[in-house]
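User: Could you take a close look at one part of this model for me, the strand pairing in the middle of the fold and the core around it? I'd like the cut-offs spelled out too.

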Amino acid sequence: MAGKFFEKPGPELADRVPPGQNLAKGFPVLTYGETPEIRWADWRLTLSGLVQPKTFTWDDLMALPQSDFTTDFHCVTTWSKLDVSWTGVKITDLMATVELDPQAVHVMLHCYGGYTTNLDLADFLRPENFLAHTLNGEPLPAERGGPVRVVVPHLYAWKSAKWISNLDFLAQPEPGFWERHGYHMRGNPWATERYSDR
Ligand SMILES: Nc1nc2c(c(=O)[nH]1)N[C@H]1C(S)=C(S)[C@@H](COP(=O)(O)O)O[C@H]1N2
Ligand SMILES: [Mo]
């Protein structure tokens, strides 16, 4: 996949670029299906399942601590984008405002438009994960998941749910959209967990 849009990483980037990945010169947009158009005023994030139920509005999100992030982004279709700049709210800061049921071990991320993806609770609660509302200093564009998306830097980017609308806390693992279609339940790019071995 080297050429106009992608290039092979040099050896100096071996610890930054997972096996089988090429560097994207641009930053491709990857969406399955239509881009939902959600106005900021209409956006809601609900928490459900094994958690104290709660709804966050845009203002609620803005009232939480805001952080800047520079993260690498690894799509399972073999492109990576390094050093993407985002602003948003750490998942740990969001979750500090609610009480989680100790029975919760997994979470399903539900998106406007119907996309879903699943995470183990430990992967979800990692300190580097966040809800992004700003990309490169600009409001997150609709095709990137605006108003608000999730970013999970340590796993393949299909876990970074765009247009996030609901976090459903579960007592057992369940597969989301791509996971039901043969992709790996966890998706660790360093272990090339692309496809399910189930
Ligand atoms: N809601 C939703 N989130 C999604 C997707 C999608 O189709 N719908 N695609 C995933 C995939 S496969 C990737 S690689 C990234 C792409 O994010 P980008 O379009 O900002 O590059 O979003 C992920 N999150
Ligand atoms: Mo992807």
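Analyst: Here is a walk through strand E7, its partners and the core it feeds.

First, the ground rules. This is a predicted model, where local features need pLDDT of at least 70 and side-chain atom pairs count only at pLDDT 80 or more, while totals for chains, interfaces and linings use all residues. Residues are numbered from 1 along each chain as its sequence is written, chains are lettered from A and ligands numbered from 1 in the order in which they are written, and side-chain values use heavy atoms, with hydrogens and water left out.

Strand E7 covers residues 106-111; strands are DSSP runs of E with at least two residues, helices are runs of H or I with at least four, and both are numbered from the N terminus. Five of the six residues of E7 are buried, so the rest of the structure largely encloses this strand. Buried here means under 20% relative accessible area, with exposed over 50% and partly exposed in between (1.4 Å probe, protein chains only).

E7 has E8 as one partner: the two run antiparallel, joined by five bridges. Strands count as paired if DSSP finds at least two bridges between them. Within this pairing, His 106 is matched with Asp 120, and Met 108 sits opposite Asn 118. Four residues separate E7 from E8 in a hairpin, and Gly 113 in the turn has a positive phi of about 100°. E8 itself (residues 116-120) is mostly covered, with four of its five residues buried.

E7 also pairs with E12, again antiparallel, over six bridges. There, His 110 stands opposite Asn 166.

Now the core. The largest nonpolar core has 37 residues, and Phe 124, Ile 164, Leu 167 and Phe 169 touch the most other members. Such a core is a set of buried Ala, Val, Leu, Ile, Met, Phe, Trp, Tyr and Cys residues joined through side-chain atoms within 4.5 Å. E7 and E12 (164-170) each supply at least two of its residues, as do E3 (44-49) and the helices H1 (58-62), H2 (91-95) and H3 (121-124). Leaving out residues up to four places away in sequence, Phe 124 touches Ile 91, Met 95, Val 107, Leu 109, Leu 119, Asn 129, Leu 167 and Phe 169, where contact means heavy atoms within 4.5 Å.

For contrast, look at Asp 59 in helix H1: this residue counts as exposed because its relative accessibility is 58%.
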